[in-house]
Amino acid sequence: IERGANPHAKSEGEEYVVRRYDGMVPAGDSGKVAVIVETLTENRNRTAANVRNIMTTKVGGELLPTGTNDWMFDHVGMVWVSKYMSAGGGNDDDVDLTEGVEVDDDSLLECALEGGADDVEFSPGLDESLAGDDDEETGSYAMIKCEPTDMLQLVHALKADGYAVTQFENQWVVKDEGTKVSLGVEGAEKFEKFLNLMDDDLDVTNVFHNGSFVEDQT
């Protein structure tokens, strides 16, 4: 009964695996948008069928072999750090995101590089497309990039030195701004339909793309 009520509920003994799907999604006069869809599933056949149905049948796109869109994206680890030091010695629950001892840029840079970072970018120059709309609410001050395999090591190093990590995840980031597809009104509506359909699928964890909405260009 429980499985029937919630087919996505995790049961003991089920093995969840990460699966990736590449594709091209039409966006009206704007052209086609390259996408990378990441999923977490215990039923690969169901997930593959759902992703294919959304990408091809519902929006008229094309499902491509995994890895096809690699040339347009870099796979990077992303770590965001608060402007204020953690009062709990790295315990993020003990940091006040509105006041406290401010982070010293040079010290953070040194810690990050020693922890495996490739690049550190400080506010107000944060890339909003990566930091997210809630960047101000989370108190993020620095965005740190690293190799995906070094991300957890970097997070541990930052917390050990008293920095408050507000968020961390691996992302597929567009390599060249020139490969982004500018989405007009019609294109944005069509592509948002695709994103909403993916968001409704409980197996889908992330959707990365090279589409650029009008508000992203202002």
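## Notebook: charges, contacts and neighbours

I began with lysine 180 and glutamate 177, whose side chains meet in a salt bridge of 3.5 Å, N to O. I was working on a predicted model. I looked up the exposure of each partner. Lysine 180 is partly exposed, because its relative accessibility is 30% and the partly exposed class runs between 20% and 50%. Glutamate 177 counts as exposed, because its relative accessible area of 55% is over 50%.

I then checked for salt bridges that share partners. Arg20, Asp22 and Asp70 are joined by them into one network. How many salt bridges does a search of the whole structure find? I noted five.

**Entry: two more salt bridges**

I went to aspartate 22 next. Aspartate 22 is in a salt bridge with arginine 20, and their closest N and O atoms are 2.8 Å apart. Buried or exposed, I asked of aspartate 22 and arginine 20? Both are buried.

Arginine 46 came after that. I found a salt bridge from arginine 46 to glutamate 42, with 3.0 Å between the closest N and O atoms. I also found a polar contact of 2.9 Å between the side chains of arginine 46 and aspartate 203.

I followed that contact to aspartate 203. Where is aspartate 203 placed? I located aspartate 203 in the loop between α7 (185-200) and β9 (204-209). Its relative accessible area is 3%, so aspartate 203 is buried, the limit being under 20%.

**Entry: the negative patch**

I looked for a negative surface patch. Which residues form the negative surface patch? I listed Asp104, Asp105, Asp106, Glu110, Glu114 and Asp161.

I picked aspartate 161 for a closer look. Aspartate 161 sits in the loop between α6 (151-160) and β7 (163-174). I read a relative accessible area of 46% for aspartate 161, which makes it partly exposed. A patch residue needs over 30% relative accessible area, so aspartate 161 passes that cut-off at 46%.

**Entry: strand β7**

I moved on to tyrosine 163, which is in strand β7. Tyrosine 163 is buried, because its relative accessible area is 5% and buried means under 20%.

What does the side chain of tyrosine 163 reach at 3.5 Å? I found the backbone oxygen of serine 107. I then turned to leucine 108. The backbone nitrogen of leucine 108 lies 3.2 Å from a polar atom of the tyrosine 163 side chain. I also checked the C-alpha atoms of tyrosine 163 and leucine 108: they are 8.0 Å apart in space, with the two positions 55 residues apart in sequence.

I stayed in strand β7 for glutamine 171. Glutamine 171 has a relative accessible area of 6%, so I logged glutamine 171 as buried. Its side chain makes a polar contact of 2.6 Å with the side chain of glutamate 169.

**Entry: helix α7**

I placed glutamate 192 in helix α7. I put glutamate 192 down as partly exposed, because its relative accessibility is 37%. I then took the C-alpha separation of glutamate 192 and alanine 27. The two are 165 residues apart along the chain, and their C-alpha atoms are separated by 9.2 Å.

Leucine 195 is also placed in helix α7. Is leucine 195 buried or partly exposed? I found a relative accessible area of 22%, so leucine 195 is partly exposed. Buried would require under 20%, which is why 22% does not qualify. For leucine 195 and isoleucine 54 I noted a C-alpha separation of 9.8 Å, at 141 residues apart along the chain.

**Entry: helix α2**

I closed with arginine 52. Arginine 52 lies in helix α2, which covers residues 44-58. I read a relative accessible area of 47% for arginine 52, so arginine 52 is partly exposed. Exposed would need over 50%, which is why 47% leaves arginine 52 in the partly exposed class.

I ended on the pair arginine 52 and leucine 64. They are twelve residues apart in sequence, and C-alpha to C-alpha they are 9.8 Å apart in space.

Terms used:
Residues are numbered from 1 along each chain as its sequence is written. This is a predicted model: local features need pLDDT of at least 70, side-chain atom pairs count only at pLDDT 80 or more; totals for chains, interfaces and linings use all residues. Side-chain values use heavy atoms; hydrogens and water are left out. Patches are made of residues with over 30% relative accessible area and no salt bridge: like charges are joined within 9 Å, nonpolar side chains (Val, Leu, Ile, Met, Phe, Trp, Tyr) within 5 Å. Accessible areas come from the Shrake-Rupley method with a 1.4 Å probe; for residues, only the protein chains shown count as cover. A salt bridge is a side-chain nitrogen of Lys or Arg within 4 Å of a carboxyl oxygen of Asp or Glu. Lys and Arg count as positive and Asp and Glu as negative; His and the chain ends are not counted. The place of a charge is taken as NZ of Lys, CZ of Arg, CG of Asp or CD of Glu. Helices (H or I, at least four residues) and strands (E, at least two) are DSSP runs, numbered from the N terminus. Buried means under 20% relative accessible area, exposed over 50%, partly exposed in between (1.4 Å probe, protein chains only). A polar contact is a pair of N or O atoms within 3.5 Å; within protein, one must be able to donate a hydrogen and the other to accept it, and residues adjacent in sequence count only if both atoms are side-chain atoms.
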